[in-house]
Amino acid sequence: MKKILILFILVQNFLGFSQEIPLVAEKYTAHNKGKFFIFWGGNRDVYAKSDVHYTGKNYDFTVENATAHDKPKGWHIDYLNPSRMTIPQTNLRFGYFISDKYSISLGVDHMKYVVKQNQTVNINGSINLPASEVGSVYNGVYNNSPTVLSESFLKLEHTDGLNYVHVEFARLDDISYLLKLPNIDKFQLNLTEGLGSGFLYPRTDSSLLGKERHDDYNVAGFGVSAKLGLNFTFFKYFFIQTELKGGYIGMTNIRTTFDTSDKAKQEILFFEKTIAFGGIFRL
């Protein structure tokens, strides 16, 4: 009887009737290498106090510890209107996963920076404009001199905007297991960290000592940044990403008037909060 049973099993295998062990299909979200992603969102920004050094014909002075703020739009249809997308504070990023965990991307953080008007700051330096110029009323030597930043004296805004164009190298880790999520192709939770570096391409709205206002785009300096965030992926291809980003901006070529000899220098420490909506896919 035992020999008959063994023979039956051998014949069954030979004829291909044996049952194969079913294979579990691998989740789409289990691997990221070779995937592209894109996201679009908005930001809020906080800035440390900053010194601004102004130089030009007949003046050289520094505004000490100026307070600045962002210029939020709030939840608005402009985020979706192609003709008005630069009015709010926005974030755009394109990226590619070079491995399951690591990606490289190019993005623009369209922040806004406004030096608070009518604040009192200390000024050091000198102004010696010709008497025929409107700004000559501010002529003098300044030595930690308290001065009100009225619009007739100076205004400084990077509101279209403080554009940080940068490359970012980031890591993404699936932490769905911490919540014991049953199917990561339906919902996946990821932790992301990254480092970025790039240049600043602001459109600076500046008024200085009664001179003609200048507001053209120009390459003004460089920046570096680091981020930490959470990525919520839904149904394999769509995600919401929240980020906290801190960084340094060094601008040595801020255009302030239409005279190219007039410029300003500034260093800014910033903290940015972002929420964005995006997609991840293979071509």
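How many bridges join strand 9 to strand 11, and in which orientation do the two strands run? The legends below address this pairing and its surroundings in a predicted model.

**View 1. Overview of the chain.** The predicted chain has 283 residues, of which 44% count as buried. Its secondary structure comprises 1 helix and 14 strands. Among contacts with a separation of 6 or more, 70% are made by residues 24 or more positions apart. The accessible area of the chain is about 15,500 Å², with 63% supplied by carbon and sulfur atoms.

**View 2. Pairing of strand 9 with strand 11.** Strand 9 spans residues 154–174 and is joined to strand 11 by 5 bridges, the two strands running antiparallel. Within this pairing, His158 has Thr204 of strand 11 as its bridge partner.

**View 3. Burial of strand 11.** Strand 11 covers residues 204–208, and 5 of its 5 residues are buried. Thr204, the bridge partner of His158, shares one side of the strand with Ser206 and Leu208, while Asp205 and Ser207 occupy the other. Both faces of strand 11 are covered, as the residues on either side are all buried.

**View 4. A nonpolar patch on the surface.** Seen here are Ile38, Phe94, Phe235, Tyr237, Phe238, Phe281 and Leu283, which together form a nonpolar surface patch with about 760 Å² of accessible area. Ile38 belongs to strand 1, which comprises residues 36–47. Why can Ile38 count towards the patch? Patch residues must have over 30% relative accessible area, and Ile38 meets this cut-off because its value is 31%, which makes Ile38 partly exposed.

Definitions and conventions. Residues are numbered from 1 along each chain as its sequence is written. This is a predicted model: local features need pLDDT of at least 70, side-chain atom pairs count only at pLDDT 80 or more; totals for chains, interfaces and linings use all residues. Side-chain values use heavy atoms; hydrogens and water are left out. Patches are made of residues with over 30% relative accessible area and no salt bridge: like charges are joined within 9 Å, nonpolar side chains (Val, Leu, Ile, Met, Phe, Trp, Tyr) within 5 Å. Accessible areas come from the Shrake-Rupley method with a 1.4 Å probe; for residues, only the protein chains shown count as cover. A salt bridge is a side-chain nitrogen of Lys or Arg within 4 Å of a carboxyl oxygen of Asp or Glu. Helices (H or I, at least four residues) and strands (E, at least two) are DSSP runs, numbered from the N terminus. Buried means under 20% relative accessible area, exposed over 50%, partly exposed in between (1.4 Å probe, protein chains only). Two strands pair if DSSP finds at least two bridges between them. Contact means heavy atoms within 4.5 Å.
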